[in-house]
Amino acid sequence: WLKPYGSTKRSGTLHREFLSARSSAMTTMDYEDPFEGLLERSSVAQALREARASLARPSRPFTPASRSLFQQSPSDETHSQPRPSSSYSIDQLSFVRDTFVSSACGSTGSARSGGSTRTPSSRSGLRSRDSLNASPSVAELCAVPELEEPELELPPPPAPSADVLAFGEQGDVIYTSHAGGGALEFDVEDPDFDEAEDEFDAGCAADDLALRMDVPPPGSDEESAAEEDLRKKRASIDGKPRATEKLRRKSSSSKLGGSSRSIGDKASRRSFAAAAAEFAIALRQATEELEALERGSSECFDVDKLMASAEKTRALLAQLRESRQPVDQEPSRLLRAVLSLMERTSEAVCLLRLARCTLELLQVESVLKDVGLHGVEAAYLNVARALFKLSKDAGNDGHFRDEGILEPLLLMLGDGADGKGVGSTELRVFVVGVLKNVSNNEDNQKRLVKHGALPGLLSLLRPAAGLTGSAQEAQLLVQVTALLRNLAASSKRQQQLVELSALETLAVVSSMYMANKELQVNIARVFAKLSQTDAACQVLEADPSPLQQITHCLREHAALPTLVLRLSFALGNLTANSDHLRRTLMFDCDMAGLLPVLLERYWQQDRKLAQANSSCLTPAGTGPNDAQDTESVLVKLVRLVANVTINGSVGTLVASEASVVDPLLGMLGCKRMPESEELVLSATAAATNLLFYDSPTNLLFTAENKHLLCRLLRPMLLESYNVEALVEAARALGNLSRHRDARQWIGELRIDEALSILLAHGDRDLVFYTCGALVNLAADPQTGGRLCRECGLRAKIANLLSDTPADDPELLLVGVKVLSNLRLEGDGRQPWPEDTLRDARAGIARAREASLAVVASKTATAVASARGQGPPLAEVLAANTGTPPPEEILADLAQRLLDSLPSESEVGTDLVHAVVADIAQPVTAAA
């Protein structure tokens, strides 16, 4: 580095010595060597002389703040600014020659930027090259005399177009030149450097200039006075004066690293500011467009243009939400314009799009400050009311989803969705009402559940402050439970609700608002949905409190058909698969006393409505659908009776209740399959389960009721084409035919003949239960003989044994039992036709072989699994049931039957023991 001297005046003596030495040198050069002087006048020699002179008295270099490191190309006439802006690229800029010359060394070879990369160069003091009349320095007086250089044909240097300042010896400005012609003012201060330390700065001024130029920083190591002054001013503003730090020498790598970080931070801030400005302009334009539409006349209202503007606005608001651009007044103006346009348009899609814009705007911080909490609340309420009106039309369900309305509405529910809710209970009532209406659409249900609607709605049912019991809160809960019912349409969501403790939560709400019938009905609807999952049974087995609340609600609202209908349906689902819940419900929850009361109440109401309809007199307070609603309640109550009576203790107790038995017999007598199919099937299933319990207290086994049952079941077999009805009738006859007097009435009514005809039916269950009834009927000698003579029962059973699959031992066993009972004494007199006997032997032998094969397979499996350990084989085979498996019973009974059959040349007169008939076990009634 070359350091300039300070300017000092020299005496005339030195000047005269210098002139004398110069004259001597020229004389010597003229006579000795003409080229020697030329070499001494070359640029290299001059640089060496300046270097030697600088070493005599080193000083600190100084760079002026007005120094122009880069200059716009002279060819570009479109930009006349003194300093190029950041819009210029590196290709549009050209380096200019150094416009500053030495004031002390007399250097005319200041560093020029002739290449694309600027390297560190010797810097002179701040003197203009036009300052030719300045006082000579010591270096000039002591230097070797300078001769004129020969003119070389080199291209002229570029015209100086940078800003130039020339300073005098006392630091005053003596010359200014501006490339753009504009006046420049700089507050330049010569810093007080410590000449004893030969250190360099970090180049902050160069970095700052490079940032403005959007080009890499030059490799400058000097710091301008203006930058130092700026630091001092900032320190004074912050109130923390900063001491002038001594500059430390840094390696070039560290300087570049710090410079790069500084450039990146400043560039990021500049980019953010530019993006904010562009966004503000776009938002202002969108606001002006909507305000123009608002001011337009209603006759020429352009809906398409409004849709486009609303879409543009929504996109800008989405950008605003993501980037959090600082905006002040525009969102408030935009909100007023959007709300005004919502009042003028009636298009559903347009309204939804404007509503979405409004919901987005109400989340902007500047809008919240400008409008205020009360204004935001009012705006939300207006939007919610408009959306509620639109949601009543099912055709708009898809538009709500496409326009993105569902997610913002969930956010408005507060802790119920995302913790960002606003508004009062009234607002939430409308919001949940909108979601309830549009949730009838399956796609909307999936969207809501995906965004956390289930836990959110349950949070509304159990607020942190607890339920208050107010009427407004009850209205909100009505909407919430209605929405939950819609969302609980699929088994997967039902499982989720049960896992989220929805049953317990609903029970608490039900107990709090017992007098609110609408809310109780909605809770019952949700219970009915959740009761279809096995998880609900497991939860209620562990905590039966919801069951107790259900029975309490049934008792309090027994006269409300819609409530009784849904709660009875829920209880029927729960008791269909859980024997534990059957006992808990009937005994622990006191349903044993409530169920007969409800059944008798609604049966009597049904009879009154039927009499009124037959006489064309409608009772006061009833409507045309009351009879249908009453019958629907009876269906669910009878189904509940059928399911709870699967339990032995419950079935024995219910069979002794006249308030249960009498309505069941009345339904079978008064209702017909074509008009009341579901009720008749449920009543038949309930009667069948009650007939299973052959106890003295069973009212169905009175002589009168047995005869009545036979007469009621006969039309179901002869007139119905419903397979399910035939199955239920066959099951009931199977349990009823255990009594001799019942078999007699069955024979007198020729029901046994109808049963023998059903053996050729294609339904396996119907054939199985028909054979069960025929087992009991064949045990009576007279009935069995008549069936063989008139109906060909033996041939039908033989065909059944031949056609039954070998892997169905239960059906084969019941068929063999029928033939075994037919071999009684009364049947012995009837001759066996040869073909029938042959078919019967073949069928029985086939059944025996099939059973033996199954027994052998199971034995081999058991022996292989218990080889060397475990219980004996017999215990292994009977481990599951405690009784011999049906295959062993079938093999033994078939062998005995084959031995008892007559040979082809004789009429069989051998007697065999009668086989005890199977009883049709109670089964779950159909849902």
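## How α25 and α28 cross

Let's start with two helices that lean on each other: α25 passes α28 in a left-handed crossing. This comes from a predicted model, so keep that in mind as you look around. Two numbers are handy here, since a pair of packed helices is described by the angle between the axes and the distance between them. For α25 (residues 591-614) and α28 (residues 658-670), the angle is about 35° and the axes are 9 Å apart.

Which residues do the touching? On the α25 side, look for P596, L599, E600, W603 and R607. Across from them in α28 sit S659, V660, P663, G666, M667 and C670. Sort the residues of this contact by character and you get seven nonpolar, two polar and two charged.

## R607 and its salt-bridge network

R607, one of the α25 residues that meet α28, also has a charged partner. It forms a salt bridge with D606, and the closest N and O atoms are 2.9 Å apart. The two residues sit in rather unlike surroundings: D606 counts as buried because its relative accessibility is 4%, under the 20% cut-off, while R607 is partly exposed at 23%.

The story doesn't stop with that pair. D606, R607, E631 and K671 are linked in a network of salt bridges.

## Two more salt bridges

As a reminder, side chains of opposite charge can pair when their charged atoms come close. Searching the whole structure turns up 21 salt bridges, and two others make a nice contrast. One is between R353 and E403, with the closest N and O atoms 3.0 Å apart. R353 belongs to helix α10 (residues 348-361), but E403 is in the loop between α12 (397-402) and α13 (406-411), so this pair ties together parts that are 50 residues apart in sequence. Are these two residues buried or exposed? R353 is buried, with a relative accessible area of 13%, and E403 is buried too, at 7%.

The other is between R583 and D579, where the closest N and O atoms are 2.6 Å apart. Here both residues are in helix α24 (residues 579-588), and because they are four residues apart, about one helical turn separates them. R583 counts as partly exposed at 36% relative accessibility, and D579 is also partly exposed, at 28%.

## L567, tucked away

Now hop over to helix α23 (residues 561-577), where you'll find L567. With a relative accessibility of 3%, L567 counts as buried. What does L567 touch, leaving out residues up to four places away in sequence? The answer is A524, F527, I550, C553 and L554.

There's another residue to look at here, I523. L567 and I523 are 44 residues apart in sequence, yet their C-alpha atoms are 9.2 Å apart in space.

## Zooming out

Finally, take in the whole protein chain. It holds 41 helices and six strands. Of its 927 residues, 47% count as buried. The accessible surface of the chain comes to about 46200 Å², and 51% of that belongs to carbon and sulfur atoms.

How about contacts along the chain? Among contacts with a separation of 6 or more, 74% are between residues 24 or more positions apart. The salt bridge between R353 and E403 is one link between parts far along the sequence, 50 residues apart.

Technical notes
Residues are numbered from 1 along each chain as its sequence is written. This is a predicted model: local features need pLDDT of at least 70, side-chain atom pairs count only at pLDDT 80 or more; totals for chains, interfaces and linings use all residues. Side-chain values use heavy atoms; hydrogens and water are left out. Buried means under 20% relative accessible area, exposed over 50%, partly exposed in between (1.4 Å probe, protein chains only). Contact means heavy atoms within 4.5 Å. Axes are lines fitted to C-alpha atoms, for helices over the stretch in contact, and angles run from 0 to 180 degrees between N-to-C directions. A crossing is left-handed if the near helix is turned anticlockwise from the far one by less than a right angle, and right-handed if clockwise. Ala, Val, Leu, Ile, Met, Phe, Trp, Tyr, Cys and Pro count as nonpolar, Asp, Glu, Lys and Arg as charged, and the others, Gly among them, as polar. A salt bridge is a side-chain nitrogen of Lys or Arg within 4 Å of a carboxyl oxygen of Asp or Glu. Accessible areas come from the Shrake-Rupley method with a 1.4 Å probe; for residues, only the protein chains shown count as cover.
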